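Colleague: I have a model open on my screen and I'd like to learn how to read it. Can you walk me through it, one feature at a time?

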Amino acid sequence: MEKLFCELLKEEMKKAGLSQRQLAIKSGLTEASISKYCSGLRTPETKVLAVICKTLGVSSDVLLGLKKNESSFDDIKNSIIAAKSQFTFQEKMELIQLISM
């Protein structure tokens with residue numbers, strides 16, 4: 001199932017560590033507008049979408065659900081931590097080699 005704009009916006013805000021208020025301040029938009037976008041009551045016009053994307057550091061394709069955002073370091077780290085007990089010794093060594101390149 002495809003995610004809605006409001007869900008993708010909230011995900012990217014979380015990744016950026018921004019609250020609705022903080023996003024409003026950084027983007028120059030009103031907190032009420034950001035609230036409406038996050039709740040799904042409204043979707044931004046093209047120019048506003050561009051401002052939000054620039055503030056969050058993502059492309060419009062990400063917020064429109066056309067492309068997934070690249071995983072952040074924390075996402076990758078958390079995935080490895082969650083799966084580390086399932087790795088064989090050889091797989092752990094491969095990870096170490098990848099990191100040290």
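Modeller: Sure. Keep in mind that this is a predicted model. Let's start on the surface: Phe89, Met93 and Ile96 make a nonpolar patch of about 320 Å².

Colleague: Is Phe89 buried or exposed?

Modeller: Phenylalanine 89 has a relative accessible area of 63%, so it counts as exposed, the cut-off being over 50%. You'll find phenylalanine 89 in helix H7, which covers residues 89-99.

Colleague: Okay, charges next. What's the general idea behind a salt bridge?

Modeller: Side chains of opposite charge can pair when their charged atoms come close.

Colleague: And how many salt bridges does a search of the whole structure find?

Modeller: Three. Take lysine 3 and glutamate 11 to begin with: their closest N and O atoms are 2.3 Å apart. Lysine 3 is partly exposed at 44% relative accessible area, and glutamate 11 is partly exposed too, at 29%.

Colleague: Which residue does glutamate 12 pair with?

Modeller: Lysine 15, with 3.5 Å between the closest N and O atoms. Both residues sit in helix H1 (residues 5-16), and they are three residues apart, which is about one turn of the helix.

Colleague: How do I read the accessibility of glutamate 12?

Modeller: Glutamate 12 has a relative accessible area of 5%, so it is buried; the limit for that label is under 20%. Its partner lysine 15 is partly exposed, at 42% relative accessibility.

Colleague: Then there's the bridge of arginine 21 and glutamate 31. What does that pair tie together?

Modeller: The two side chains meet at 3.3 Å, N to O. Arginine 21 belongs to helix H2 (residues 20-27) and glutamate 31 to helix H3 (residues 31-39), so the pair ties together parts that are ten residues apart in sequence. Arginine 21 is exposed, at 52% relative accessibility, while glutamate 31 is partly exposed, with 37%.

Colleague: While we're in H3, what about serine 33?

Modeller: Serine 33 is in helix H3 and is buried, with a relative accessible area of 16%. Try a distance here as well: the C-alpha atoms of serine 33 and glutamine 20 are 9.3 Å apart, and 13 residues separate the two along the chain.

Colleague: Now the helices. How do you describe two that pack together?

Modeller: Two packed helices are described by the angle between their axes and the distance between the axes. For H1 and helix H4 (residues 46-56), the axes come within 10 Å and cross at roughly 30°. That angle is under 35 degrees, so H1 is roughly parallel to H4.

Colleague: Which residues make that contact?

Modeller: On the H1 side, Phe5, Leu9, Glu12, Met13 and Ala16; on the H4 side, Leu49, Ile52 and Leu56. Glu12 should ring a bell: it is the buried residue that bridges to lysine 15.

Colleague: And how do H2 and H4 pack?

Modeller: Their axes are 10 Å apart, and the angle is about 105°. The window for the label is 65 to 115 degrees, so H2 is roughly perpendicular to H4. Leu23, Lys26 and Ser27 of H2 make the contact with Val51, Thr55 and Leu56 of H4.

Colleague: I see Leu56 in both lists.

Modeller: Right. Leu56 takes part in the contact with H1 and in the contact with H2.

Note on methods. Residues are numbered from 1 along each chain as its sequence is written. This is a predicted model: local features need pLDDT of at least 70, side-chain atom pairs count only at pLDDT 80 or more; totals for chains, interfaces and linings use all residues. Side-chain values use heavy atoms; hydrogens and water are left out. Patches are made of residues with over 30% relative accessible area and no salt bridge: like charges are joined within 9 Å, nonpolar side chains (Val, Leu, Ile, Met, Phe, Trp, Tyr) within 5 Å. Accessible areas come from the Shrake-Rupley method with a 1.4 Å probe; for residues, only the protein chains shown count as cover. A salt bridge is a side-chain nitrogen of Lys or Arg within 4 Å of a carboxyl oxygen of Asp or Glu. Helices (H or I, at least four residues) and strands (E, at least two) are DSSP runs, numbered from the N terminus. Buried means under 20% relative accessible area, exposed over 50%, partly exposed in between (1.4 Å probe, protein chains only). Axes are lines fitted to C-alpha atoms, for helices over the stretch in contact, and angles run from 0 to 180 degrees between N-to-C directions. Angles under 35 degrees count as roughly parallel, over 145 as roughly antiparallel, 65 to 115 as roughly perpendicular and the rest as oblique. Contact means heavy atoms within 4.5 Å.
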